[in-house]
Amino acid sequence: MEDIADRLRSKEGEMAKHTPGPWGAITTRKTGRWIIVGGPAGRTLASLPCLATGTLWEEDAANARLIAAAPELLAMLKRAHAVLRGPLVQEIDTILVKAES
């Protein structure tokens, strides 16, 4: 069976890479955008519009925080993958390939 690391390798033979965490989500209502920042230099990774108010503003905030948590979630999923057995491992394999391809 193909190893998960083999499935994650790019065409050049290296592992897919993303900006290392931690990431953070910052905004002001004045700018009307959520900015996802990360990496050693704190560079902008994504800019999301958030022109909503009230409940929709809170939903936009929750979405931005979830995106910002991606590196930690990915790292924890990899740790869980290393110790789990059974059909759940196949589901995790699929998610890891989706996240890192």
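Visitor: Is Ile 36 buried or exposed?
Guide: In this predicted model, Ile 36 is placed in strand 2. A residue counts as buried when its relative accessible area is under 20%. Ile 36 has a relative accessibility of 1%, and therefore it counts as buried.

Visitor: Which residues make up the largest nonpolar core?
Guide: In soluble globular proteins, nonpolar side chains tend to be buried together. Here the largest nonpolar core has six residues in all, and Ile 36 is one of them. The full set is Trp 34, Ile 36, Cys 50, Trp 57, Ala 61 and Ala 64.

Visitor: Which element supplies the largest share of this core?
Guide: The core includes Trp 34, Ile 36 and Ala 64. At least two of its residues come from strand 2 (33-38), and at least two come from helix 2 (54-68). The largest share, three residues, is that of helix 2.

Visitor: How many Å apart in space are Ile 36 and Ile 26, C-alpha to C-alpha?
Guide: In sequence, Ile 36 and Ile 26 are 10 residues apart. Their separation in space, taken from C-alpha to C-alpha, is 6.6 Å.

Visitor: With which residues is Ile 36 in contact, leaving aside its neighbours within four places in sequence?
Guide: Ile 36 belongs to strand 2. Its contacts beyond those neighbours include Ala 64, which is also listed in the largest nonpolar core. The complete list is Trp 23, Gly 24, Ala 25, Arg 43, Thr 44, Leu 45, Ala 46, Leu 48, Ala 64, Ile 67 and Ala 68.

Visitor: Which residue is joined to Ser 47 by a polar contact between side chains?
Guide: Ser 47 lies in strand 3 (residues 43-49). Leaving aside neighbours within four places in sequence, Ser 47 is in contact with Arg 33, Trp 34 and Ile 35. A polar contact of 2.5 Å links the side chain of Ser 47 to that of Arg 33.

Visitor: What is the relative accessible area of Ser 47?
Guide: Buried means under 20% and exposed means over 50%, with partly exposed in between. Ser 47 is partly exposed because its relative accessible area is 33%.

Visitor: What accessible area do Val 83, Leu 84 and Leu 88 have together?
Guide: Leu 84 is found in the loop between helix 3 (70-83) and helix 4 (87-100). Leu 84 is partly exposed, with a relative accessible area of 33%. Together with Val 83 and Leu 88, Leu 84 forms a nonpolar patch on the surface, and the accessible area of the three is about 260 Å².

Terms used: Residues numbered from 1 in each chain as written. Predicted model: local features only at pLDDT ≥ 70, side-chain atom pairs only at ≥ 80, totals over all residues. Heavy atoms only, no water. Core = buried A, V, L, I, M, F, W, Y, C linked by side-chain atoms within 4.5 Å. Buried < 20%, exposed > 50% of the residue type's maximum accessible area, 1.4 Å probe, protein only. Helix = DSSP H or I, 4+ residues; strand = E, 2+ residues; numbered from the N terminus. Contact = heavy atoms within 4.5 Å. Polar contact = N/O pair within 3.5 Å; in protein donor to acceptor, adjacent residues only side chain to side chain. Patch = residues over 30% accessible without salt bridge, like charges linked within 9 Å, V, L, I, M, F, W, Y side chains within 5 Å. Areas by Shrake-Rupley, 256 points an atom, 1.4 Å probe, with all protein chains shown as cover. Salt bridge = Lys/Arg side-chain N within 4 Å of Asp/Glu carboxyl O.
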